[in-house]
Number of protein chains: 2
Amino acid sequence: MRFGIIGSGAIGAYYGAKLAKSGEDVHFLFHSDYDYVCEHGLQVNSVNGSFHLDSVQAYHNAQDMPKCDVVIVALKSTNEHLLKTLLSPLLKEDTWVLLIQNGIGLEEDFVKTFPHTGVLAGLAFICSTKTKPGVVDHTDLGRLNIGNYNCKDDDRLHQLADVMNHAGIDASLVDHDTARWQKAVWNMCFNGLTVALNTQVDKLLDCEATDTLCRDLMMEVIEGARACGVAGLNEDYADRMLNMTRKMRPYSPSMKVDYDHRRPMEIYYLYSRPIAEAQAHGYEMRRMRMLEEQLLFIQQSYINE
Amino acid sequence: MRFGIIGSGAIGAYYGAKLAKSGEDVHFLFHSDYDYVCEHGLQVNSVNGSFHLDSVQAYHNAQDMPKCDVVIVALKSTNEHLLKTLLSPLLKEDTWVLLIQNGIGLEEDFVKTFPHTGVLAGLAFICSTKTKPGVVDHTDLGRLNIGNYNCKDDDRLHQLADVMNHAGIDASLVDHDTARWQKAVWNMCFNGLTVALNTQVDKLLDCEATDTLCRDLMMEVIEGARACGVAGLNEDYADRMLNMTRKMRPYSPSMKVDYDHRRPMEIYYLYSRPIAEAQAHGYEMRRMRMLEEQLLFIQQSYINE
């Protein structure tokens, strides 16, 4: 299977490197790391075993890339407007696109731009960071849930999952909407609140007031999902996520990392969009709306600087 | 009329000085400013005309103060536990106590400690700051709304208002519950949000997202007041408060000043108590609860330091 990787950061480079190491034909689009990777290859420091790719099929321009069977998009969703340019050269009639991105509404928007392309949601439960050019540190977890949005060929879907599992990626096929909203439960709680309070996940759970708030925020996402008719989310899920999080080491969610670097935050797909979806189904996510508004204020204060 | 002033800061010293200048018999309890005021008197720099009191009846210990007809309490509500000690020496059978403090539930708690004492709510609409020991800067507004909680003598109440107006204080008699909740509309919105986002009032209204949030926060207080059966608050009031605030100069509410100095914040009477009152009447102030929880997190992070 030929893979393309658009967005070769902490997530894209990690999964792409795993596939390449396993012998798949993987083509990476790099931005700032291009020169370094051409010269030095790609290093993955992983809790499951570190490895180095000496020779990487790296590109600096999407126009130079070949048509692919599967393209993994691991761009920040703040760059979604670039997809038309970056992705089009890689697409053939039966290309599938796997959006490993956070938020709600990404596939719905994708098919507006690419109405004839099959698209899958990728939900990565992984702690990985690009620590230097061409170096990814993978410190915890790694599971990749794949939710089919509009792909018609079940056999090929299972084949994709098999290829990934063969490459040492713990991939599972899951229900699309359930998977996206389940991930939103954790993301909408911790991404925004660590930014709003300029803190880390563990500190929020160490304080009685914000521990309560985190659960209420999670419950609001679950209520929102239910309003949208999404099955498989209930109160237990919030408690499971909280208990899992209590066992994690001090951790800054991706939005907090973006904030720390004064980069644009993924407010739209992580907050505005799911809030609007729930509202369209009659449920007001009041706490989440407030958090979204706080994040917009915070982002405006440094983007305008 | 003999007045006592407990809490001679930006508010207490200002109103006390106005009364003293007008010829009333005013006795001030000072804490850190005591020595300075004994030596240099009290200076009020006011938009309505500055003046200086050369001789001030100042005390460093409430035990030394005389019994008073009216005691103005202008302590931070975080010091409410000191009232028993500070106030008792000044009380006689018919002393009235005017609580010029922010929040909801202050008079209800006061009568638990002083069941036989008449108590009034004082709602100060004033921008004043203690800039140096013995110096108060009064930069804007000045109105004092007085809400009767349990005082029986209407003639005496009007007499008190007359004495204050004669002293150049723009005092009015208003409905107790309405006045307290009306003030809460502004306070609960701007005090907490300027701390949570570490900003000033004008910046919140300059950003579209937080401008919307401010109105939603105000509406939540109005809904809470309505749930508690308080008359005279409707949607118009939020818009009037927002329009008034848009005309104000850049301003840090008192809680923001406390935060900037890493002092305890008045979270209990400004947030926890009104939220609990509304909840007891069946209305959940969800945004306000979230703001309260954020404030508790923020306060814990510096009080523990």
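I call a crossing left-handed if the near helix is turned anticlockwise from the far one by less than a right angle, and right-handed if clockwise. I take helices (H or I, at least four residues) and strands (E, at least two) as DSSP runs, numbered from the N terminus.

**Ground rules.** I am working on a predicted model, where local features need pLDDT of at least 70 and side-chain atom pairs count only at pLDDT 80 or more, while totals for chains, interfaces and linings use all residues. Residues are numbered from 1 along each chain as its sequence is written, chains are lettered from A and ligands numbered from 1 in the order in which they are written, and side-chain values use heavy atoms, with hydrogens and water left out.

**Entry: the helix pair.** I looked up how α8(A) passes α12(B), and the crossing is left-handed. Helix α8 spans residues 208-227 of chain A and helix α12 residues 286-303 of chain B; they pack at about 145°, with axes 8 Å apart. For this, axes are lines fitted to C-alpha atoms, for helices over the stretch in contact, and angles run from 0 to 180 degrees between N-to-C directions.

I then listed contacts (heavy atoms within 4.5 Å). On the α8(A) side I found, among them, L213(A), D216(A) and L217(A), and on the α12(B) side, among them, R286(B), M290(B) and F297(B).

**Entry: the whole interface.** Which residues give chain B most of its share? I first noted that 26 residues of chain B touch 26 residues of chain A. That question was badly put, so I replace it: which three residues supply more than any other three of the area that chain B buries against chain A? They are R286(B), M290(B) and F297(B), with 33%. The area buried between the chains is about 2100 Å², and carbon and sulfur atoms give 69% of it. Buried area here is the accessible area (1.4 Å probe) that two parts lose on being put together, summed over both.

**Entry: cysteines.** I counted disulfides (pairs of cysteine sulfur atoms within 2.5 Å) and got 0 over all chains. For C68(A), the nearest cysteine sulfur is that of C151(A), 15 Å away. I find C68(A) buried, at 0% relative accessibility. For C38(B), the nearest cysteine sulfur belongs to C68(B), 17 Å away. C38(B) is partly exposed, at 43%. My terms: buried is under 20% relative accessible area, exposed over 50%, partly exposed in between (1.4 Å probe, protein chains only).

**Entry: positive phi.** L141(A) is not a glycine, yet I see a positive phi of about 55° there. L141(A) sits in strand β9 (residues 135-148) of chain A and is partly exposed at 44%. R262(A), also not a glycine, has a positive phi of about 55°. I place R262(A) in the loop between α10 (254-260) and α11 (267-280) of chain A.
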